[in-house]
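Biologist: Could you take a close look at one part of this protein for me, the second largest pocket, and then show me how the rest of the chain fits around that picture? Keep it informal, please.

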Amino acid sequence: MIKILCTVAFSVASLYYAQSFPASAIPENFKKNADAVIRKDLTTIQINKIDDIRYQFYTVKTVLNKDGEANALVYIPYEKGNSISDVKVNIYDESGKKIKSYSKSDFGDFANNNQGTFYSDNRIMALSYTPTQYPYTVEFSYQIGDENTVFLPDFIPFNTTKVSLEEAEMKIINKSGIELKSKIYPSAYNYTSVSESESAGEKIYSYKNVPAIDDAFLLPQPVKILPKVSFALTKFNLEGKQGSIANWSDFGSWYYNSILQPVSISTPAIKAEVTSLNLQGTTEEKVKKLYQYMQSKTRYIFVALGIGGWQPMLPDEVQKKGYGDCKGLTNYMKTLLDEAGIPSYYCVVNSGASPVSFDKDFPKMGGNHVILMVPTEKGNIWLENTSQQVAFNHLSYNTMARNVLSIRKEGIELIDTPVYSAEQSKEKQLLKIKINEDNSILGEGNFSYTGLQYDNNLILAGLSPKERTEAVKNMLDVLHFEKIELKNFLNDKDNAVAKYDLDFKANNYSKNAGSSMIFRAVPIYSDNVYKKEDNRELPFELRQSFEDEYEINFTLPQNYKVEELPENVVLNSEFGTYKLSFVKNGDGLKVSRTIRINKGLYPKEKYNDYVNFRKKTISIDNSKILISKI
């Protein structure tokens, strides 16, 4: 049957290669907001048996400009053992005339190792092509065979913004006798829809005429906008280990027994490590001591070996070598806890800036990261094991506010990770500002960050003192610094707080008005530009809740008094709140400013309301204070 498939696929490819793809044939509405256009995207998947699957890929993409080049790169990711054949590439000019042809022998073959990857079975065949003009079209096809049948790809129109689609089709031919489950997830915003048909045992899904998603401000990820179709075989193979994914319970038992148990092996050396720490106190105190010990002696290096890159390194290897990836480090941390008699659970998660959860009703192999959960009477403790800097029991915005696959002997339990409230994700800013008659200011600042704002400032922990100062100078560039020094940086890993002090001098802060001076009420504020969109087509996402709390104490020049103050302000909206208030204090002035933003996915009709709210907050931050000579 494989030979038949190859013959049919080759004939189909030959038919397509006889076509012409002039750029002029692209309708104008598919060029709107697009850097590239997918003319055809045809995939045939034939499942022959539990450990034999073949893919035929055929794509035609027109690159409209330089920014679209990344969407038409020609490459084939694979692993050792995959069979790759019928590799063909044609390049066409704007008129559709063929200008180049390539075959498999023209491809380079490289280790597919991202930065930080130590060793991996992942490889990539890639073709180097440098365009000489735009637009141009790339026609690309190949076949690949695999023994792993657990990773059936989702079918979506495209993955990124600035790409439009004329035609896409996925055909699945299931000759294995194994039940193939599928589920259609419609677009929540009716952006496009998928067509489904079945004929002679073949399932066919297709999209047609999908316009590009513009890279608009605060746009959710395309996966939250577009429809998709997911697939899963109820029985599968992964590197010779066969299992069932008829439900989460079956799949979890397989995962536990086939992937985790073979590497859940402690050693006398690991036992001695735990004993030497002399753990005392509550469960939380013991977990914290073990976690911070693990952080102090390990570093992150990606390793993609072991059951298709899904099996962790042995704890003994991590203990001896001092490195591992998320799987290995999490498994090592779990083993340390096991030796201390503290249960914990290996958890698979979809890591990303915009939360994506697993479907409790559609079990499927997935996830791209691993963390650890420790249940206690006071609640779950969550451990991110890949960072030497992150605080105990703190998850970043890449893993919070979604569910995880918690792997257990009796199966998988879907558990939600924490959600940080605005009050938990806080910036506190205490400034003492001396106004000088030459329009400069001298400032002393104390800054602290918690929750998701802790994440945003954690990068400072890995920098030198000079680099930290320069980084903060760039972040606070609304001030014209003459000099600036960051001091006393602290990454409080017990409480997930980042703190530092700042001494600075900034010029041109105030302006003269006769014998008076005018300056803005809030020295450090957001200078983001918010623009209305009267024709907004899609919703907007505020990905993080946060709260900024500022107290600014101004000292006036000698012989000056406050002449005029803005009114106290309170703004309330569904997107958040804003408050600004003023209190005279002897020869000084205290300004208190608080802004709170509520995360959420909001409809397009409310976008301009949000813009108006943020524009008002920035305008009020720039309220002017008038002081005059006595």
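Modeller: Sure. Let me set the scene before we get to the pocket. Of the 630 residues in the chain, 51% count as buried. Keep in mind that this is a predicted model. The chain is built from 10 helices and 38 strands, and its C-alpha atoms fill a box of roughly 95 × 70 × 40 Å along the principal axes. If you take the contacts between residues at least 6 apart in sequence, 72% of them join residues at least 24 apart.

Now the pocket you asked about. The second largest pocket holds about 970 Å³ of space. Its lining is made up of 32 residues, and those nearest the centre are Q453, S526, N528, F546 and D548. Which elements each supply at least two residues of that lining? They are the strands β25 (426-435), β31 (540-542), β32 (546-555) and β36 (588-597), together with the helices α8 (451-457) and α10 (607-621).

Between S526 and N528, both among the residues nearest the pocket centre, comes D527, in the loop between β30 (516-520) and β31. D527 is partly exposed, with a relative accessible area of 45%. Setting aside neighbours within four places in sequence, D527 is in contact with D477 and V478. D477 is 50 residues away from D527 along the chain, yet their C-alpha atoms are separated by 9.4 Å.

Next, follow the aromatics. F217, Y530, F540, F575, Y602, Y607 and Y610 are linked by ring pairs into a cluster. Some of those names tie back to the lining elements: F540 falls within the range of β31, while Y607 and Y610 fall within that of α10. Y607 has a charged companion too, as R536 lies over its face at 4.3 Å from the ring centre.

That cluster is part of a bigger tally, since the structure holds 32 aromatic pairs. One of them is F251 with W254: the ring centres are 5.9 Å apart and the planes meet at 15°, so this pair counts as stacked. The cut-off behind that word is an angle under 30 degrees between the planes. F251 and W254 are three residues apart in helix α3 (residues 248-260), which means that about one helical turn separates them. Both F251 and W254 are buried.

R536 is not alone in sitting over a ring: the charged end of R408 is placed over Y345, 3.8 Å from the ring centre. R408 also brings us to a hairpin, being the last residue of strand β23 (residues 403-408), which runs antiparallel to strand β24 (residues 411-416) and is joined to it by six bridges. Two residues connect β23 to β24 in that hairpin, and V404 stands opposite I415 in β24.

There's another hairpin to set beside it. Strand β15 (residues 235-238) and strand β16 (residues 241-244) pair in the antiparallel sense over four bridges, with N237 opposite Q242 in β16. Two residues lie between β15 and β16, and E239 in the turn has a positive phi of about 50°.

That phi is worth a pause. Most residues other than glycine have a negative phi, and most peptide bonds are trans. Two asparagines go against the first habit. N439, in the loop between β25 and β26 (441-450), has a positive phi of about 75°. N488, which lies in strand β27 (residues 480-492), has a positive phi near 55°. Are these two asparagines buried or exposed? N439 is buried, with a relative accessible area of 15%, whereas N488 is exposed at 57%. As for the second habit, a cis peptide bond joins Y134 and P135, with omega at about -5°. P135 is in the loop between β8 (122-127) and β9 (136-146).

One more residue to look up on your screen is Q319, in helix α6 (residues 315-321). Its relative accessible area is 16%, so Q319 counts as buried, the limit being under 20%. Leaving out neighbours within four places in sequence, Q319 has contacts with A269, I270, E273, K297 and Y332.

To come back to your pocket: start from Q453, S526, N528, F546 and D548 around the centre, then step out to D527 and its contacts with D477 and V478. From there, go to the aromatic cluster that includes F540, Y607 and Y610, and finish at R536 over the face of Y607.

Note on methods
Residues numbered from 1 in each chain as written. Predicted model: local features only at pLDDT ≥ 70, side-chain atom pairs only at ≥ 80, totals over all residues. Heavy atoms only, no water. Phe/Tyr/Trp six-rings, centres within 6.5 Å; stacked < 30°, edge-to-face > 60°. Buried < 20%, exposed > 50% of the residue type's maximum accessible area, 1.4 Å probe, protein only. Lys NZ or Arg CZ within 6 Å of the ring centre and 35° of its normal. Contact = heavy atoms within 4.5 Å. Pairing = 2+ DSSP bridges. 1 Å grid on protein atoms, 1.4 Å probe; cavity = no way out; pocket = protein on both sides within 12 Å on 5 of 7 lines; lining within 4 Å. Points joined across faces, edges and corners; volume = space filled by probe spheres on them.
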